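This report describes how one helix is placed in its surroundings and how charged side chains pair. The sequence and structure are shown first.

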Amino acid sequence: KHHCDSVLDYLADPCDDWFGDTQGTLMPHAEIKYTQELALDTMAILAEIEQIILRHDPASGACKGRAYPCSESHHPHFHLNILMLEKPHRDASFTAGLMKDVEEAVKAHIHQSCYFSFGLDYSGAFYVTNEHRVPD
């Protein structure tokens, strides 16, 4: 279990296992927003995104995924955003490789023409991630 004096120590750590989170379950997050006319299996897409992230970074942990269909829109489109914590090993090369693999895998699930947007963002020192537990 880590003991931290500052949030910056947390960001410099190569693993996502603070707060007793040895499985890295606090991050990352994946959020899909898409127009309703796209026939998608979003649960399969989110599961594959998680597996790709784990292949690139086994310490990243479970990817919390959400999908939001939009009933009112202008032009069919798919938007994916992945949020991860800044870590020293998540450099430009890591990011480019992860983005390439995720984009290819996600597009294989989309069987209709549409606009496609994808962002991978890193949270810095002013992002809180922990677990809220309610006693039984």
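In this predicted model, the buried residues of helix 3 are Phe94, Thr95, Leu98, Val102, Ala105 and Val106. Viewed down the axis of helix 3, these buried residues fall within an arc of 110°, so they line one face of the helix. An α-helix has 3.6 residues a turn, so residues three or four places apart point the same way.

**Helix 3 and its surroundings**

Helix 3 spans residues 92-107, 16 residues in total. From its first C-alpha to its last it reaches 22 Å, close to the 22 Å expected at 1.5 Å a residue. At the N-terminal end, Asp91 acts as a cap of helix 3, with a side-chain oxygen 3.3 Å from the backbone nitrogen of Ser93. Ser93 is itself exposed, and together with Ala92 it is carried on the face of helix 3 turned away from the buried side.

The cover over the buried residues of helix 3 includes helix 2 (42-56), strand 3 (77-85) and strand 4 (115-123). Thr95, placed in helix 3, illustrates the buried side. Its relative accessibility is 13%, and Thr95 therefore counts as buried, the limit being under 20%. With neighbours within four places in sequence left aside, Thr95 is in contact with Arg90, Leu120 and Tyr122.

Ala44 and Val106 also bear on the surroundings of this helix. Ala44 has its place in helix 2, while Val106 is one of the buried residues of helix 3. The two are 62 residues apart in sequence, and their C-alpha atoms lie 9.5 Å apart in space. Ala44 counts as partly exposed, at 28% relative accessibility.

**Salt bridges**

Side chains of opposite charge can pair when their charged atoms come close. The model has 5 salt bridges, three of which are listed here with their N to O distances.

| Pair | N to O distance |
|---|---|
| Arg66 and Glu31 | 3.3 Å |
| Glu104 and Lys100 | 3.0 Å |
| Glu103 and Lys107 | 2.7 Å |

The pair formed by Arg66 and Glu31 links distant parts of the chain: Arg66 belongs to strand 2 (residues 64-70) and Glu31 to strand 1 (residues 29-35), with their positions 35 residues apart. Arg66 is partly exposed at 29% relative accessibility, and Glu31 is likewise partly exposed, with a relative accessible area of 23%. Glu31 and Arg66 also belong, with Lys33, to a network of salt bridges.

Within helix 3, Glu104 and Lys100 are separated by about one helical turn, because they are 4 residues apart. Both Glu104 and Lys100 are partly exposed: the relative accessibility is 47% for Glu104 and 47% for Lys100.

Glu103 and Lys107 also both lie in helix 3, 4 residues apart, or about one turn of the helix. Glu103 has a relative accessible area of 30% and is partly exposed. Lys107, at 39% relative accessibility, counts as partly exposed.

**Summary**

Helix 3 thus presents one face lined by its buried residues, and the exposed residues Ala92 and Ser93 on the face turned away from that side. Helix 3 also holds the salt-bridged pair Glu104 and Lys100 and the salt-bridged pair Glu103 and Lys107. Strand 1 and strand 2 are linked through Glu31 and Arg66.

How values were computed. Residues numbered from 1 in each chain as written. Predicted model: local features only at pLDDT ≥ 70, side-chain atom pairs only at ≥ 80, totals over all residues. Heavy atoms only, no water. Helix = DSSP H or I, 4+ residues; strand = E, 2+ residues; numbered from the N terminus. Expected span 1.5 Å × (residues − 1). Buried < 20%, exposed > 50% of the residue type's maximum accessible area, 1.4 Å probe, protein only. Arc of directions from axis to C-beta. Contact = heavy atoms within 4.5 Å. Polar contact = N/O pair within 3.5 Å; in protein donor to acceptor, adjacent residues only side chain to side chain. Salt bridge = Lys/Arg side-chain N within 4 Å of Asp/Glu carboxyl O.
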